[in-house]
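The following exchange is intended for a reader who is meeting this structure for the first time. Please consult the sequence and the model while following the questions.

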Amino acid sequence: MTSRYRSSEASQGLGSFSPRRRTVVKAAAATAVLAGPLAAALPARAATDAPAFLHGVASGDPLPDGILLWTRVTPTPEAIPGSGVGPDTEVGWVVARDKAFTSIVAKGSTTATAASDHTVKADIRGLEPATDYWFRFSAGGTDSPVARTRTAPAADADVSGLRFGVVSCANWEAGHFSAYRHLAARNDLDAWLHLGDYIYEYKSGEYAARGKVVRPHAPANEILTLADYRIRHARYKTDPDLQALHLKAPVVAIWDDHEFADNAWSGGAVNHTEGAEGTWSARQAAAKQAYFEWMPVRPAIAGTTYRRLRFGKLADLSLLDLRSFRSQQASTASGSVDDPDRTLTGRAQLDWLKAGLKASDTRWRLVGNSVMISPFSFGSLSADLLKPLAKLLGLPQEGIAANTDQWDGYTDDRRELLAHLRSNAIGNTVFLTGDIHMAWANDVPVDAGTYPLSASAATEFVVTSVTSDNLDDIVKVPEGTVSAVAAPVIRAANRHVHWVDTDRHGYGVLDITAERAQMDYYVLSDRTDPDATTSWARSYRTRSGTQKVERTYDPV
């Protein structure tokens, strides 16, 4: 191929359980007082002034001719995340066809500055489609770890198959990220999808593993300021299993609420107290800036994470932002779930999604969707399970029998989208979802009340949490106890639900061919064990043209 050498500037772009909100929270202390929490966001390093790559390297958003590379350099010992100090530092990057870097295809450099928290991105173009590459960064004579990445297939390519890891809801204090390690060990992923809650915003101890902190995050306070969000991202990026997965395959990520605050909406969040915690607009802007600094994600439409990627003729992937434009969750004060003036997506994003689905000429239309679109009724759950389930879903524990943070809380948007799929005969639409800390395999009915006599407009695969508490954790009973009781009741009340596992932690592997899209669900032995093993739990697929889910008895 023809080598292309380009430089890139540092990027300065810009689910869930709901613990009871305290009424007043102290603001973050001044940066000078944060020396301890800042340092906690760093792994141990040698006593040297040489630059170091302590937070790993990563790639993301693969294109047929390009990939986005990311790292964070610590130029001097005092230039720790969130500190706002440290010298401008030249960071070089090199991309090669081989791990030994004997066949270099692109190289360049950029400057890491305190203004971007010494994070850098290089948006590489001129690469070959559907090709493995290796890359590394360097600064002051120090090389970063070497990472593998992969470009997307050419837009017009006949692709025989695609394979993606699928994860969501990774709470640092609730356990170890073994799910990432097991995905990294596969060596067969084209990319991995993170469907939101890559970080959590809570103060230490507020949301852990059945109330117990497995490992403390940093800073210890609830994150409110730009420095806070930077430190929390940095803490996550020190995890060895997360670093290992970033070294093996590109990530495609969207945010959900906890990248900001629990149950976030356009004008606030359940876990935000206006005034005592500053303004929501300032907090939201800080969270977005830190996210784009610390994640290998291109800022997309309206400076958010909604965008579309294509993988040959086999699939395109529409990625949603369901936090920046939504109306406040329904309540007595904020309106009905059926109010047509309330929106989950915002008008512009919903129009963009509908137009993209209609214009798509790929076999499969995947939608990266942070909250569940399938309708959900509690059914006749007993009181001892109904209350914990409402708590997990962030619902009022009396009075509203709907998941108001998800598409159930914005039925007009859902009705419009599903009607669009049906009226335009748009098939093979698969929603890939996180947030709910449970695993689901669903048809997406046009009318849940009459299903299965009514049509299914799409299908949905929901992955459970990497570590965040699920239903058995809230009830504090042995794993599997709740699911054995709750799953049959949930399925009886929701005939479009083929499977639900309310209790286990893990990840999914999505395998796509022209004939079917299949999700293999894997579970972890113990989220609190850094050496946790993994095992296959179930597999479901949707065959081309059916818009329905069926069980299959072997993983790919």
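**A pocket, two helices and a buried aspartate**

Helix 8 contributes five residues to the lining of the second largest pocket, the largest share of that lining. This is a predicted model, in which local features need pLDDT of at least 70, side-chain atom pairs count only at pLDDT 80 or more, and totals for chains, interfaces and linings use all residues. Residues are numbered from 1 along each chain as its sequence is written, and side-chain values use heavy atoms, with hydrogens and water left out.

Me: How many helices and strands does the protein have?
Reply: Helices (H or I, at least four residues) and strands (E, at least two) are DSSP runs, numbered from the N terminus. By that reckoning, the secondary structure consists of 10 helices and 24 strands.

Me: What percentage of the 556 residues is buried?
Reply: A residue is buried under 20% relative accessible area, exposed over 50%, and partly exposed in between (1.4 Å probe, protein chains only). Of the 556 residues in the protein, the buried share is 62%.

Me: What is the volume of the second largest pocket?
Reply: On a 1 Å grid over the protein atoms alone, a pocket is an open set of points with protein on both sides within 12 Å along at least five of seven lines, and lining residues have an atom within 4 Å of a point. Its lining has 15 residues, of which Thr411, Arg414, Arg415, Val446 and Ala448 lie nearest the centre of the pocket. Grid points are joined across faces, edges and corners, and a volume is the space filled by probe spheres set on the points. The second largest pocket thus holds about 270 Å³.

Me: Why does the span of helix 8 agree with its number of residues?
Reply: The expected span of a helix is 1.5 Å times one less than its number of residues. Helix 8 has 13 residues and should therefore span 18 Å, which agrees with the distance between its end C-alpha atoms, 18 Å.

Me: Is histidine 420 buried or exposed?
Reply: Histidine 420 belongs to helix 8 (residues 411-423). Beyond its neighbours within four places in sequence, histidine 420 is in contact with Lys354, Lys358 and Ile426, where contact means heavy atoms within 4.5 Å. Because its relative accessibility is 11%, histidine 420 counts as buried.

Me: Which elements are included in the cover of the buried residues of helix 6?
Reply: The buried residues of helix 6 are Gln349, Leu350, Trp352, Leu353, Lys354, Gly356 and Leu357. Helix 6 is in turn included in what covers the buried residues of helix 8. The cover of the buried residues of helix 6 includes strand 14 (307-311), strand 15 (315-319), strand 16 (364-369), helix 8 and strand 17.

Me: Which side chains are joined to aspartate 256 by polar contacts of 2.9 Å and 3.1 Å?
Reply: Aspartate 256 lies in the loop between strand 11 (251-253) and strand 12 (264-265), and is buried because its relative accessible area is 0%. A polar contact is a pair of N or O atoms within 3.5 Å; within protein, one must be able to donate a hydrogen and the other to accept it, and residues adjacent in sequence count only if both atoms are side-chain atoms. The contact of 2.9 Å is with the side chain of arginine 323, and that of 3.1 Å is with the side chain of serine 370.

Terms used
1 Å grid on protein atoms, 1.4 Å probe; cavity = no way out; pocket = protein on both sides within 12 Å on 5 of 7 lines; lining within 4 Å.
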